[in-house]
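The following paragraphs lead the reader through one structure, place by place. Please keep the sequence and the three-dimensional view at hand while reading.

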Amino acid sequence: MTRIPLLIDTDPGVDDALALLMAFDDPHHEVVGLTIAAGNVGLAHTVRNALKLCEVVDHPVPVFAGTPAPLLHPARDAGYVHGTDGFGDIAYDAPVRTAETEHAALAILRLSHAHAGKLLLVALGPLTNLALALKLDSTLPERIARLVVMGGAVTAHGNITAAAEFNVAFDPEAAHIVFSAFARTEVVDWEAVMAHGFPHQRFEAWLQAPSKRARFYDAISRRTRDWAVDRRGENWHSADALAMAHALHPAGALEIVERPMTVELAGRHTRGATIVDWRREEGRPDNVAILLRYDQAAFEARVASALAAG
Ligand code: BDR
Ligand code: CA
């Protein structure tokens with residue numbers, strides 16, 4: 001069986017970690033690299049977390065450190081959700097491996113050539129690395145088979161500000177560059193995430209699986225789960241996991257809508273908002289395919305399987 005090469009740009013992050021477990025668990029995809037962004041927490045932590053997760057699943061995939069800050073303006077991280085270190089502050093033993101010396105943006109370009117026309121690129125964090133790669137080589141989109149982005153809030157029901165979602169709001173200029181450069185980006189936005197929660201109790205049952213992965217994930221996610229119960233009630237929402245489910249198994253999508261979408265860069269209340277031209281008023285071509293509804297049972301089965309594996 002030929003496996004689809006999968007490159008993941010990520011800022012781990014508790015929900016990134018679940019998405020990575022799903023990717024490592026999938027027999028039809030081969031993870032060829034992890035390029036690391038700053039976002040949920042600072043780059044030193046997100047790189048270390050990625051390396052640690054690879055160690056937990058015993059996977060030798062190369063990890064490439066990216067850019068430590070947004071392109072233009074400093075942004076607030078999400079340590080209050082994911083823990084100061086991004087992995088729930090459980091004081092895990094340091095990973096043995098270190099990151100590669102190649103910069104993430106250069107790794108994206110090199111891997112796009114190595115797997116030209118076949119590469120599935122999934123972005124689970126702010127789009128800084130991808131934007132830099134595009135500035136270095138604007139032909140990148142020609143070599144990408146699919147780009148799936150977790151980001152945005154398509155009717156402006158944001159999570160970090162009233163109107164904006166975290167990954168786009170962290171580096172709006174980068175998101176603008178990416179959404180403008182690719183003819184078609186598959187978007188899994190925050191509002192889709194909110195529509196695909198599952199009960200905490202069900203998730204806790206999956207965490208009881210007798211696997212190293214489940215034990216590790218139980219530990220790193222505990223703090224975020226407590227926070228989520230307080231903030232969001234009885235359902236657990238895992239943004240990057242939903243994006244990964246859609247990336248790995250697009251047949252699970254039940255409703256997708258294509259529209260033109262841009263990023264607000266200047267708004268006083270709306271910087272980082274993703275503006276979808278629902279009525280196609282401005283005559284621009286559709287550039288995003290927005291996931292509205294995904295097979296919930298298929299999503300949950302993938303999450304449960306990823307936790308039980310190994
Ligand atoms: C996104 O922001 C981050 O905090 C999560 O890891 C996810 O990628 C959700 O808005
Ligand atoms: Ca993320």
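Ala156 is partly exposed, because its relative accessible area is 36%. This residue belongs to a predicted model, as does every other residue discussed here. Ala156 is placed in the loop between strand 5 and helix 6. Its backbone shows a positive phi of about 65°, although Ala156 is not a glycine.

A positive phi is also found at Asp58, which is not a glycine either; the angle there is about 60°. Asp58 sits in the loop that runs between helix 2 (43-56) and strand 3 (63-65). With a relative accessible area of 68%, Asp58 counts as exposed, because the limit for that class is over 50%.

Another loop holds Asp93, between helix 3 (79-82) and helix 4 (104-114). Asp93 is exposed, with a relative accessible area of 62%. Along the chain, Asp93 and Lys52 are 41 residues apart, while 8.5 Å separates their C-alpha atoms.

Helix 4, which follows that loop, contains Ala105. Is Ala105 buried or exposed? Its relative accessible area is 2%, and Ala105 is therefore buried, as the limit for this class is under 20%. Once neighbours within four places in sequence are set aside, the contacts of Ala105 are Asn129, Leu132, Ala133 and Leu136. A further pairing concerns Phe64: its C-alpha atom lies 8.6 Å from that of Ala105, and the two residues are 41 apart along the chain.

Helix 5 comprises residues 128-136, and among its buried residues are Asn129 and Ala133. Thr128, Leu130, Ala131 and Leu134 of helix 5 are buried as well. Which elements cover these buried residues? The cover includes helix 4 and helix 7, together with strand 1, strand 2 (29-36), strand 4 (119-123) and strand 5 (144-150).

Strand 1 spans residues 4-10 and includes Thr10. Thr10 has a relative accessible area of 0% and is therefore buried. The side chains of Thr10 and Asp16 are joined by a polar contact of 2.9 Å. Beyond its neighbours within four places in sequence, Thr10 has contacts that include Asp16, Leu20, Thr35 and Ile36. Ala37, Leu124 and Gly125 are also in contact with Thr10.

After strand 1, the chain enters the loop that leads to helix 1, and Gly13 is found in this loop. The peptide bond between Pro12 and Gly13 is cis, with omega at about -15°.

Asp16 connects this region with the ligand. An N or O atom in the side chain of Asp16 is 3.0 Å from an oxygen atom of ligand 1. How many residues surround ligand 1? There are 13, and the closest are Asp15, Asn40, Asn159, Glu165 and Asp240. For Asn40, a polar side-chain atom lies 2.5 Å from an oxygen atom of ligand 1. For Asn167, the corresponding separation from an oxygen atom of ligand 1 is 3.0 Å.

Enclosed space is considered next. The model has 1 cavity of 30 Å³ or more. The volume of the largest cavity is about 370 Å³. Its lining consists of 27 residues, and those closest to its centre are Asp15, Val81, His82, Asn159 and Trp190. Two or more lining residues come from each of helix 1 (14-25), helix 3, helix 6 (166-170), helix 10 (212-232) and helix 11 (239-248). Helix 10 provides the largest share, with 5 residues. By residue class, the lining of the largest cavity contains 13 nonpolar, 7 polar and 7 charged residues. Asp15 and Asn159 thus appear both among the residues closest to the centre of the largest cavity and among those closest to ligand 1.

Open space remains to be described. The largest pocket holds about 160 Å³ of space. Of its 13 lining residues, Phe179, Ser180, Met261, Arg284 and Asn287 are the closest to its centre. Helix 7 (172-181) and strand 10 (261-263) each contribute at least two residues to this lining. The lining of the largest pocket is made up of 7 nonpolar, 4 polar and 2 charged residues. Helix 7 thus has a part in the lining of the largest pocket and is also included in the cover over the buried residues of helix 5.

Terms used: Residues numbered from 1 in each chain as written. Chains lettered and ligands numbered in written order. Predicted model: local features only at pLDDT ≥ 70, side-chain atom pairs only at ≥ 80, totals over all residues. Heavy atoms only, no water. 1 Å grid on protein atoms, 1.4 Å probe; cavity = no way out; pocket = protein on both sides within 12 Å on 5 of 7 lines; lining within 4 Å. Points joined across faces, edges and corners; volume = space filled by probe spheres on them. Helix = DSSP H or I, 4+ residues; strand = E, 2+ residues; numbered from the N terminus. Nonpolar A, V, L, I, M, F, W, Y, C, P; charged D, E, K, R; others polar. Buried < 20%, exposed > 50% of the residue type's maximum accessible area, 1.4 Å probe, protein only. Polar contact = N/O pair within 3.5 Å; in protein donor to acceptor, adjacent residues only side chain to side chain. Contact = heavy atoms within 4.5 Å. Near = heavy atom within 4 Å.
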